[in-house]
Structures are given as C-alpha cells and as structure tokens.
Amino acid sequence: MKILIASDIHGSAKYCRMTIDAFRREGADKLVLLGDILYHGPRNPLPEEYSPKDVVEMLSEVKEKVICVRGNCDAEIDQALLPFPLTDYAYLFVDGLDIYLSHGHRETPPMVGGVYITGHTHVPLNAAEGEVYHLNPGSVSLPKEDSAHGYIVYENRRFAFKTLEGETYDGLDLGGSERPATRTSPIVRRRIVRKRI
C-alpha cells in the first residue's frame, strides 16, 4: 500500500490543490491528513489562496481515500463541512508496521514500538527514541524554520520526505526485520515529547 501523508493545510486552496496533485502523481492508495485542515489559526498568517470552502470541495473529490486526524485548529463546524470523519488518533497496521497518527498537540498515545507520525509544528522531523520512530512531514501551506512545503510518502516499509514538487530530501527505510533501519540525511529538530501540556 502506498500512502501520502500531509499536514496543516490551514485552508489554503493553493496548497490543498498541490497536495491532491501530488497524491495523484504519486499514485497513492490513501491520503492521510494530520489535522488543521480549514482554519489558519490565530498564530499563523493567512496562507496563500485562503479559501476553506474550496478546500472542502477539493477534498470531497478524494473523500473515500482520506484518513484524517483532528488538529488543534479543527472545530466542530469543520467536521460538519468535511466529508470524512476527524478522530483524535488513528492507527494503521501496514506491512507489519504499527503506524500511529496524531496531530501532535495532545498527549502521546501509548506505544511499544513502531512509527508515530504527527503534524502541528510545521517542521519536518525524522527522529528515533527507543523503539519508536517519530516523523513529521512539516506543513504543506505554512512551513517553518526554512523547511519546504512538503509531505511524506510511505511504501514498502520506506518513508520518503518530499517537497510538493516531488523532490525527495530525506527518508527512513525500515526494511525487513532482518536488517536495521537506515535514515538518509536525517532531519532531527526535536525529540519526542511524551506528555504535552
């Protein structure tokens, strides 16, 4: 299964369109959205082509393929408008991997091992702590710390960090159980935070 993982659209029609274009170009089976879909939030600038209504219409075209977790900027009205459910956490079991999904603003779920993927910070992350790999695609619309507008593609136990134009700039290869994980040019910006206040 091939999965495109993106976060923090924040109501930008431009970057939602580019994300869906990337989803189609990659030939992904599922589109995982890590929250903050429609509202730009009081601490963020207005993103380019801010139009939550257009974002809803575009995401409606791929609604059967979307898995989405709720972000700190997602409200009840957003759930009423979006054509797919928003949950606080999601879990995928793919190719023998436990993949936990969260926006990243809530307490970290209990995990024994696997991959924990969050958004929220708008900064890409590729880090390991113990048996858990913590990944963050950054933001498609409002990246921070000079990071790219980007996403992650998962396929065959490999995670590729890509710009919205499709250029790979980082990765994590978990390979088979017979060989250790490898990271290419790892982006490590912060460690996993076990409890959020």
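1. In this predicted model, strands β6 and β7 pair in the parallel sense, and three bridges hold the pairing together on paper. Within that pairing, L101 stands opposite I117 of β7. Strand β6 spans residues 97-102, and the loop that leads from β6 to β7 is where M111 is placed.

2. The pairing of β6 with β5 has the antiparallel sense and extends over six bridges. L101 appears here as well, as the bridge partner of A90. The two strands form a hairpin with two residues between them, and in this hairpin D95 takes a positive phi near 50°.

3. Where do β5, β6 and β7 sit in the sheet order? They belong to an open sheet of five strands, ordered β5-β6-β7-β9-β8, in which the pairing is mixed. At the edges stand β5 (89-94) and β8 (124-129); each has a single partner strand, so one side of each is left without a neighbour in the sheet. Averaged over the sheet and with direction ignored, neighbouring strands are turned by 20° against each other.

4. Further along the order, β7 (residues 114-117) and β9 (residues 132-137) run parallel and are joined by four bridges. One position to look at in this pairing is V115, which stands opposite Y133 of β9.

5. Is β6 mostly covered or mostly open? Of its six residues, five are buried, so far as the accessibility cut-off of under 20% is applied. Y100 has a relative accessible area of 15% and is therefore buried, since the limit is 20%. M111 also counts as buried, at 15% relative accessibility. In sequence M111 and Y100 are 11 residues apart, while their C-alpha atoms are 8.3 Å apart in space.

6. A search of the whole structure finds three aromatic pairs, and one of them is formed by Y91 and Y100. This pair is tilted, with 5.4 Å from centre to centre and 55° between the planes. Y91 has a relative accessible area of 45%, and because this lies between the limits of 20% and 50%, Y91 is partly exposed. Y100, as noted in the previous point, is buried.

7. Turning to the helices, α2 (residues 52-60) has V55, V56, M58 and L59 as buried residues. Seen down the axis of α2, the buried residues fall within an arc of 165°, so they line one face of the helix. As background, an α-helix has 3.6 residues a turn, so residues three or four places apart point the same way. The elements that cover the buried residues of α2 include α1 (13-26), β2 (30-33) and α3 (76-81).

8. Which residues touch the most other members of the largest nonpolar core? Among its 28 residues, these are L4, L31, L33, I37, L59, L82 and F84. At least two residues of this core come from each of β1 (2-6), α1, β2, α2, β3 (66-69) and β10 (150-155), and α1 gives the most, with six residues. Apart from this core lies another, of 20 residues, which includes I5, A90, I99 and Y154.

9. L31 merits a separate look, for which its neighbours within four places in sequence are left aside. The residues in contact with L31 are then L4, T19, F23, L59, V62, K65, V66 and I67. Of these, L4 and L59 are also listed, together with L31, among the residues that touch the most other members of the largest core.

Definitions and conventions
Residues numbered from 1 in each chain as written. Predicted model: local features only at pLDDT ≥ 70, side-chain atom pairs only at ≥ 80, totals over all residues. Heavy atoms only, no water. Buried < 20%, exposed > 50% of the residue type's maximum accessible area, 1.4 Å probe, protein only. Arc of directions from axis to C-beta. Contact = heavy atoms within 4.5 Å. Core = buried A, V, L, I, M, F, W, Y, C linked by side-chain atoms within 4.5 Å. Pairing = 2+ DSSP bridges. Axes fitted to C-alpha atoms, helices over the stretch in contact; angles between N-to-C directions. Phe/Tyr/Trp six-rings, centres within 6.5 Å; stacked < 30°, edge-to-face > 60°.
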